[in-house]
Amino acid sequence: MKKLLFAFAMSCALLGATGISAAQAASAQNQKMSQCNTEATAKGLKGSARKDFMKQCLSAKAATAAPARKLTAQQQKMVDCNAQAKTRALKGDARKKFMKECLSSKK
């Protein structure tokens, strides 16, 4: 009897722990569904057009969830110098010399 009670308590504890993360995932999915539904209603979509829109909207990754990382001034300078070296088709020592001068210049 004690073993049965212990097994039941453990299974309830495991289900409770996974239920929290499942509830959070369901909440995020519900929010996404609500947002997609609102957009479809605002666009006046009905029938198969609405169904197609909802399918696309619900399967789409959240584009606004991870905004693009802003480059530091030095990183931007490296990107710009690299683009200039590429347009000039510099290779080897010539590219190395150009990159050194470009990155050390005060712009």
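**Exercise 1. Find what covers the buried residues of H3, and where those residues sit.**

Solution.
- Begin with the cover. In this predicted model, helix H4 (92-104) is part of what covers the buried residues of H3.
- Next, list the buried residues. They are Lys-77, Cys-81 and Ala-85 in H3.
- Look down the axis of H3. Its buried residues fall within an arc of 70°, so they line one face of the helix.
- The spacing fits a general rule. An α-helix has 3.6 residues a turn, so residues three or four places apart point the same way.
- Now turn to the face of H3 directed away from its buried side. Lys-86 and Thr-87 are the exposed residues carried there.

**Exercise 2. Check whether the length of H3 agrees or disagrees with its residue count.**

Solution.
- Helix H3 covers residues 73-87, which is 15 residues.
- Take 1.5 Å a residue, and count one less than the number of residues. The expected span of H3 is then 21 Å.
- The end C-alpha atoms of H3 are 21 Å apart, so the two values agree.
- Move past the helix. H3 is followed by Ala-89, whose phi is positive, near 55°.

**Exercise 3. Describe the partner helix, H4, in the same way.**

Solution.
- Start with length. H4 has 13 residues, which at 1.5 Å a residue should span 18 Å. Its end C-alpha atoms lie 19 Å apart, which agrees.
- Pick out the buried residues of H4: Phe-98, Met-99 and Cys-102.
- Down the axis of H4, the buried residues fall within an arc of 100°, so they line one face of this helix.
- Ask what that face meets. The buried residues of H4 pack against H3.
- Finish with the face of H4 turned away from its buried side. The exposed residues there are Asp-93, Lys-96, Lys-97, Lys-100 and Ser-104.

**Exercise 4. Find the disulfide between H3 and H4, and give its handedness.**

Solution.
- A disulfide is a covalent bond between the sulfur atoms of two cysteines.
- Here Cys-81 is joined to Cys-102, with an S to S distance of 1.9 Å.
- The pair links distant parts of the chain: Cys-81 belongs to helix H3 and Cys-102 to helix H4, 21 residues apart.
- Read the torsion about the S-S bond of Cys-81 and Cys-102. It is about -80°, so this disulfide is left-handed.
- Check burial against the cut-off of under 20% relative accessible area. Cys-81 has 2%, so Cys-81 is buried. Cys-102 has 7%, so Cys-102 counts as buried too.

**Exercise 5. Count the disulfides in the whole structure and work out the pairing.**

Solution.
- A search of the whole structure finds two disulfides.
- One of them joins Cys-36 to Cys-57, with S to S at 1.9 Å.
- Cys-36 is in helix H1 (residues 2-42) and Cys-57 is in helix H2 (residues 47-59); these distant parts of the chain are linked across 21 residues.
- The torsion about the S-S bond of Cys-36 and Cys-57 is about -80°, so this disulfide is left-handed.
- Test burial. Cys-36 has 1% relative accessibility and counts as buried. Cys-57 is buried at 16%.
- Number the bonded cysteines in sequence order. The pairing is 1-2, 3-4.

**Exercise 6. Describe the surroundings of Gln-75.**

Solution.
- Place the residue. Gln-75 is in helix H3.
- Judge its exposure. Its relative accessible area is 29%, so Gln-75 is partly exposed.
- List its touches, leaving out residues up to four places away in sequence. Gln-75 touches Arg-69 and Lys-70.
- Follow the side chain of Gln-75. It reaches the backbone nitrogen of Thr-72 at 2.9 Å.
- Compare sequence with space. Gln-75 and Leu-103 are 28 residues apart in sequence, and their C-alpha atoms are 10.0 Å apart.

**Exercise 7. Summarise the whole chain.**

Solution.
- Count the elements. The chain has four helices and zero strands.
- Write them along the sequence. The pattern is α-α-α-α.
- Take burial. Buried residues make up 10% of the 107 residues.
- Take contacts with a separation of 6 or more. Residues 24 or more positions apart account for 30% of them.
- End with the surface. The accessible surface comes to about 9200 Å², and 63% of it belongs to carbon and sulfur atoms.

Notes: Residues are numbered from 1 along each chain as its sequence is written. This is a predicted model: local features need pLDDT of at least 70, side-chain atom pairs count only at pLDDT 80 or more; totals for chains, interfaces and linings use all residues. Side-chain values use heavy atoms; hydrogens and water are left out. Helices (H or I, at least four residues) and strands (E, at least two) are DSSP runs, numbered from the N terminus. Buried means under 20% relative accessible area, exposed over 50%, partly exposed in between (1.4 Å probe, protein chains only). The arc is that of the directions from the helix axis to the C-beta atoms. Contact means heavy atoms within 4.5 Å. A polar contact is a pair of N or O atoms within 3.5 Å; within protein, one must be able to donate a hydrogen and the other to accept it, and residues adjacent in sequence count only if both atoms are side-chain atoms. A disulfide is a pair of cysteine sulfur atoms within 2.5 Å. Accessible areas come from the Shrake-Rupley method with a 1.4 Å probe; for residues, only the protein chains shown count as cover.
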